[in-house]
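Please walk me through the strands of this model, explaining how they pair with one another and what packs against them.

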Amino acid sequence: MSMFQSSVAKIALASFGAATFATVSLADVGHDADANIGQSGDVSTIDRVIEVDMGEMYFTPGSYDIKQGETIKFVMVNTGRAVHEFNIGTDAMQDAHLREMTTMLRGGMMSTRELYHDKMLEAGMMHADANARLLAPGESAELVWTFSGDAEDILIACNVPGHREAGMEAAINMMPATDS
Ligand SMILES: [Cu+2]
């Protein structure tokens, strides 16, 4: 995360020469770094599969009850007309990612309707984060995640600028691991 953040800061400097913009990115490096949201899940220990529909501006289902330690395979499809993101993280992580997305839009790495993978590669912003998927309209993806962390404010959000503000987020309700 911190390597990614620092590359974002460099890109901000290189692309815009805007000291203020770089400062904003750097200010939050390490912020919330201790938040434990869990980890990439092992495909051989999947407890449940949840299908997720993404569109303007929603996730369906709109909230998720997940037991502590559960490994979920999310299968998401973007049935909308805009680029959408599925991102598991704390509120602070989502905010940091919103800034990265803003950089990508301004840097021409994506539009609201398309992803330009060659330009992302060039800039070193491939969006291959384990906890997130970025989907063009019509695309689908999978993400296997083990909810073994202790962060209390985990949610799923789309950080394409303007989307989360328009309601594109879904609550994760962590439940104690009781019955087996
Ligand atoms: Cu979105």
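The paragraphs below follow the strand pairings and then turn to an open sheet and a helix beside it.

The model is a predicted one, and a convenient place to begin is strand S8, residues 140–146, to which strand S1, residues 39–40, is joined by two bridges in an antiparallel arrangement. Within this pairing, Ser40 is found opposite Trp145 of S8. Strand S8 also pairs with strand S5, which spans residues 71–78, and here the two run antiparallel over seven bridges; Thr71 has Thr146 of S8 as its bridge partner.

Strands of a sheet pair through backbone hydrogen bonds, and the pairing may be parallel or antiparallel. An open sheet of five strands, in which the pairing is mixed, follows the order S4-S10-S9-S6-S7. Because strand S4 (63–67) and strand S7 (132–135) each have a single partner strand, they stand at the edges, and one side of each is left without a neighbour in the sheet. From one strand to the next, the twist averages 20 degrees.

Inside that order, strand S9, residues 154–157, and strand S10, residues 169–175, run antiparallel and are joined by three bridges, with Leu155 having Ala171 in S10 as its bridge partner. Helix H3, formed by residues 91–106, packs on the sheet and touches both strand S6 (84–90) and S9. The direction of helix H3 makes about 140 degrees with that of S6.

Technical notes:
Residues are numbered from 1 along each chain as its sequence is written. This is a predicted model: local features need pLDDT of at least 70, side-chain atom pairs count only at pLDDT 80 or more; totals for chains, interfaces and linings use all residues. Two strands pair if DSSP finds at least two bridges between them. Helices (H or I, at least four residues) and strands (E, at least two) are DSSP runs, numbered from the N terminus. Axes are lines fitted to C-alpha atoms, for helices over the stretch in contact, and angles run from 0 to 180 degrees between N-to-C directions. Two residues are in contact if their C-beta atoms, placed from the backbone, lie within 7 Å.
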